Amino acid sequence: MPPVINQELCTGCGTCADICPMNVFEQDAPKTEPRVAYGEECWHCNACVLDCPKKAVSLRIPLNYMLLHVDASQFKE
């Protein structure tokens, strides 16, 4: 599932477009709000979420990704 940009929080800084390893975002000009152009290419690496200074980007994690989560603490003896 593609990332979601909260247009009310976004300032158009372009950090998400700069940091994304898969170039999911496109920004037409500086200080314009980026858009998700290639959402199907998203790896869900969370870089855009972590680096957005205004916390305007969020990820919708697919169900199959959530089912793969294993808490490492359960493997301690």
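## Close-up views of a predicted model

**View 1. H44 is a buried histidine, with a relative accessibility of 14%**. Welcome to the first stop in this predicted model. H44 counts as buried because its 14% accessibility falls under the 20% limit. The residue belongs to the loop that runs between β3 (35-36) and α2. What does the side chain of H44 reach? It reaches the backbone oxygen of M1, at 2.8 Å. For a sense of scale, H44 can also be placed against V24: the two are 20 residues apart in sequence, and their C-alpha atoms are 11 Å apart in space.

**View 2. The largest nonpolar core holds 14 residues**. Nonpolar side chains tend to be buried together in soluble globular proteins. Here, the members touching the most other members are I5, C16, V24, F25, C48, V49 and V57. Two helices take part in this core, α1 (15-19) and α2 (47-51), and each of them supplies at least two residues. V24 is a good place to pause: apart from residues up to four places away in sequence, V24 touches P3, R35, V36, A37, Y38, G39, E41 and C42. Two names on that list, R35 and C42, come back in the views below.

**View 3. Cysteines without disulfides: the whole structure has 0 of them**. A disulfide is a covalent bond between the sulfur atoms of two cysteines. How far from C10 is the nearest cysteine sulfur? That sulfur belongs to C16 and is 6.3 Å away, and C10 is in no disulfide. A sulfur at 6.3 Å cannot count as a partner because the cut-off is 2.5 Å. C10 is buried, since its relative accessibility is 16%, under the 20% limit. Next comes C42, which is in no disulfide either; its nearest cysteine sulfur is that of C48, at 6.2 Å. C42 also counts as buried, with 13% relative accessibility.

**View 4. E26, D28 and R35 are linked in a network of salt bridges**. Side chains of opposite charge can pair when their charged atoms come close. How many salt bridges does a search of the whole structure find? The search finds 2. In one of them R35 pairs with E26, with the closest N and O atoms 2.7 Å apart. In the other, D28 pairs with R35, and the closest N and O atoms there are 3.0 Å apart. R35 thus takes part in a salt bridge with E26 and in one with D28. How exposed are these residues? R35 is partly exposed at 39% relative accessibility, and E26 is partly exposed at 26%. D28 counts as exposed because its relative accessibility of 64% is over the 50% limit.

**View 5. K31 and its positive phi sit in a loop**. Most residues other than glycine have a negative phi. K31 has a phi near 70°, a positive value in a residue that is not glycine. The loop in question lies between β2 (25-26) and β3. Is K31 buried or exposed? K31 is exposed, with a relative accessible area of 68%.

**View 6. K55 has a positive phi as well, at about 55°**. This residue is not a glycine, and its place is the loop between α2 and β4. K55 counts as exposed because its relative accessible area is 53%, over the 50% limit. If you are checking backbone torsions, K31 and K55 make a handy pair to look up.

**View 7. S58 lies in strand β4, which spans residues 57-58**. With 36% relative accessibility, S58 counts as partly exposed. That label applies because 36% sits between the 20% and 50% limits. Which residues does S58 contact, leaving aside neighbours within four places in sequence? They are P3, V4 and V49. P3 is also touched by V24, and V49 is one of the core members listed in View 2. Finally, S58 and Q27 are 31 residues apart in sequence, with 17 Å between their C-alpha atoms.

How values were computed
Residues are numbered from 1 along each chain as its sequence is written. This is a predicted model: local features need pLDDT of at least 70, side-chain atom pairs count only at pLDDT 80 or more; totals for chains, interfaces and linings use all residues. Side-chain values use heavy atoms; hydrogens and water are left out. A nonpolar core is a set of buried Ala, Val, Leu, Ile, Met, Phe, Trp, Tyr and Cys residues joined through side-chain atoms within 4.5 Å. Buried means under 20% relative accessible area, exposed over 50%, partly exposed in between (1.4 Å probe, protein chains only). Helices (H or I, at least four residues) and strands (E, at least two) are DSSP runs, numbered from the N terminus. Contact means heavy atoms within 4.5 Å. A polar contact is a pair of N or O atoms within 3.5 Å; within protein, one must be able to donate a hydrogen and the other to accept it, and residues adjacent in sequence count only if both atoms are side-chain atoms. A salt bridge is a side-chain nitrogen of Lys or Arg within 4 Å of a carboxyl oxygen of Asp or Glu.
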